[in-house]
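Biologist: I am new to this structure and would love a close look at one part of it: the enclosed cavities inside. Could you walk me through them, and then through some of the elements elsewhere in the chain?

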Amino acid sequence: MQAPYIPQIRLYQDWLRTQRGLRFDSYDALWRWSTTDLDAFWQSIWDYFDLRSPTPHSAVLAQNTMPGAQWFPGAQVNYARQVLRHVDAAHAAGFPAIVSSNEKRQHREMSWPELRRQVASLALHLQAQGVQPGDRVAAYLPNVPETIVAFLATVSIGAVWSVCAPDMGTHAVLDRFRQIEPKVLIAVDGVSYGGRDHDRLGVLAELRAQLPSVRHTLLLGNLDATVLVAGCVSWVSATGQNDPETDAFEPLWLPFDHPLWIVYSSGTTGLPKPIVHGHGGMVLVMLQLGALHNDIGCSYAPNSWGERYHWYSSTGWVMWNAQVGGLLAGTTCVVFDGNPGGSKERPDWASLWRFASETGVTFFGAGAAFYANCMKAGVTPAQCGDLSYLRVLGSTGSPLSAEVQQWGTDFMAQAGVENIWWCNISGGTDFAGAFIGGNRELPQAPGKMQCRMLGAAVEAWDEQGRPVLDAVGELVCTQPIPSMPLYLWGDDSGARYLASYFDMYPAGHGRKPGGGDGPAAMGAVWRHGDWIQIGAGEAGGCVIFGRSDATINRHGLRMGTSEVYSAVEALPEVLDSLVVDLEYLGRESYMPLFVVLRPGHALDDALRARINDAIRTALSPRFVPDDIFAVAEVPRTLSGKKQELPIKKLLLGQPLEKVVNQDAMANPGCLAWYVAFAASRAAAVA
């Protein structure tokens, strides 16, 4: 008879008691220790997960500055080495490394030894092409096992990984990859999505033509395994080596802060920010997040025997990185490539649930919008198969409403799983982690996240920079986390990094661990750009109310407004444009686009279609606006900046005099139209 399951965070606290002599009466006390004694907490994570280095570290947090914190100097790590240390034990227990499927129901399993072999083969192939530590490898790949192999092979030899999803348009991909000057490009011939095959060889040709730094190209035949393109090496040949050299391959030991990957998060102006994270920081934070807070166990550990972890994602969302992070703990990762809602002709929001049923998923994660769509579609357990293996539902990407969470709880109860635990998290691409998340042992309330994460000194600050409880404020993190960016690629002075996260509050303000001000040399707190409310007491919970800036957040994917403008204003009919995303206070995302047209043009259905197609092609279908309106002018400051945030606040119901200083505007007369529009929208919503 199997022993009762013990939550992962309980196992960690038991370890703290026996190995460190530390006892905590409440989670709040544990959290406060983790955010005040940073050295002891992060050393405990290193030791609890038995991380190894051939050389010792001289300190845990050698320098508490933001940005520029120095973690574990002297230690050596490698993300891929931590993954591959599980090969023998997981395989001996009979568990695969990766289980995958797609819309065509092409089910595959990859064993741990086969994962190691393919990683070794591709790593040796890349080295043979002259790839050195620090070189960038760019990937244009979907959510398939080969992408995981490519990532692990790249980072195993110290090269830096960066991926864009094949649903992104050529322009958006080039805006990202041009900045990092990759030496190698790994691309796909096409993808299947929404019941259709989508050829991507034309995009590949454009990428090769527009990325002069690329010296070597690999092609994955996803639609046609036999596809050949001149100048490209086939995936099959690059991963086909199986000999003593592959058997002997080992990932390189690298400095703790060696660059691991480059991910992209957009602000409201300029190109997407190429964010660099390090090997050591990501290993630590992914283990801490996945195990302690998401309650994902090692598949071959007796307490979590047979664990199977799925989080639906595209490769363009940071949840792909979180999904792969399951391998760090020896967990079987279950991935799906395709549309979770079926096709336009045959919508089917039960398809992902059936996939989970067929593969025995124990942890099922998705964006909040997925669950809302399932509720609206009336999905029932009878359509989904046996869901009895499920013990966790994870949600992120946008606020999950109380109504949708209650629907999911009732849905699982009808499927025979009483009191399903919801792991609702909120974080960001910016630090590839979570600030707010779950705790298996705390009370849960629909519409709320349970707690601030261990090690994340998160507070809600009012307009005066004071921490508040039970009130909406700016989300700040007052202490460094190991996965915060090392730097932004190409930002040699650090000015863009500072402006992105650290320029709202004075240096030193709120920086003393445990509360209070520190010396200015410690730098400023991290300001994330979200509204948050932190409840008082253990059962208070946390609620994220959307972006506090003008960045667009569509189903968890952030895009700078400048990228929308670049696509829209390239059309000859459009002189100017303004876009805002009204996701706030638990509302669904509503994104209107306002356009100023050239004289003689009207906003008819044909032009609307052209605008939508331009955004769909250049960026992604996810960023097509909900509505388009013709306006006389876009409001601008005296210095010419579009006033996105004031218009967003106005449309969210705030009075005009509180959102904008008209004396600082170049064209204050245009505001009357937006005020009238806000009033009409408020009346319609009411």
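Modeller: Happily; here is a tour that starts with the cavities and then turns to a few helices and strands.

This is a predicted model, in which local features need pLDDT of at least 70 and side-chain atom pairs count only at pLDDT 80 or more, while totals for chains, interfaces and linings use all residues. Residues are numbered from 1 along each chain as its sequence is written, and side-chain values use heavy atoms, with hydrogens and water left out.

Let us begin with the empty space. A cavity here is a set of points, on a 1 Å grid over the protein atoms alone, where a 1.4 Å probe fits but cannot get out, and its lining residues have an atom within 4 Å of a point. Grid points are joined across faces, edges and corners, and a volume is the space filled by probe spheres set on the points. Searching the whole structure turns up 4 cavities of 30 Å³ or more.

The largest cavity has a volume of about 310 Å³. Its lining consists of 23 residues, and those nearest its centre are Met168, Tyr264, Gly316, Trp317 and Leu557. At least two lining residues come from each of β7 (160-164), β14 (259-265), α13 (318-325) and β31 (557-559). Such helices (H or I, at least four residues) and strands (E, at least two) are DSSP runs, numbered from the N terminus. By class, the lining of the largest cavity has 12 nonpolar, 7 polar and 4 charged residues. In this scheme Ala, Val, Leu, Ile, Met, Phe, Trp, Tyr, Cys and Pro count as nonpolar, Asp, Glu, Lys and Arg as charged, and the others, Gly among them, as polar.

The second largest cavity holds about 110 Å³ of space. It is lined by 13 residues, with Met286, Gly290, Ile296, Gly325 and Gly326 closest to its centre. Two or more lining residues come from each of α12 (279-293) and α13, and α12 gives the most, with 5 residues. This lining has 8 nonpolar, 5 polar and no charged residues.

Now for some helices. In α8 (residues 170-180), 8 of the 11 residues are buried, so this helix is largely enclosed by the rest of the structure. Buried means under 20% relative accessible area, with a 1.4 Å probe and protein chains only. Among the buried residues of α8 are Val173, Leu174, Phe177 and Ile180. Just after α8, Glu181 has a positive phi of about 50°.

Helix α15 (residues 368-377) has Ala368, Ala369, Phe370, Tyr371, Ala372 and Cys374 as its buried residues. They pack against α14 (351-359), β18 (363-367), β19 (392-396), α16 (402-414) and β20 (421-424), where contact means heavy atoms within 4.5 Å. Gly378, just after α15, takes a positive phi of about 70°.

Last come the strands. In β32 (residues 574-579), 5 of the 6 residues are buried, so this strand is largely enclosed by the rest of the structure. β32 pairs with β33 (residues 592-597) in the antiparallel sense over 5 bridges; two strands pair if DSSP finds at least two bridges between them. Within this pair, Leu578 stands opposite Phe594 in β33.

Elsewhere, an open sheet of 3 strands runs in the order β21-β22-β23, with antiparallel pairing. β21 (426-428) and β23 (451-452) are at the edges with a single partner strand each, so one side of each is left without a neighbour in the sheet. β21 and β22 (residues 433-437) pair over 3 bridges, and Gly428 stands opposite Gly433 in β22.

Technical notes: Buried < 20%, exposed > 50% of the residue type's maximum accessible area, 1.4 Å probe, protein only. 1 Å grid on protein atoms, 1.4 Å probe; cavity = no way out; pocket = protein on both sides within 12 Å on 5 of 7 lines; lining within 4 Å.
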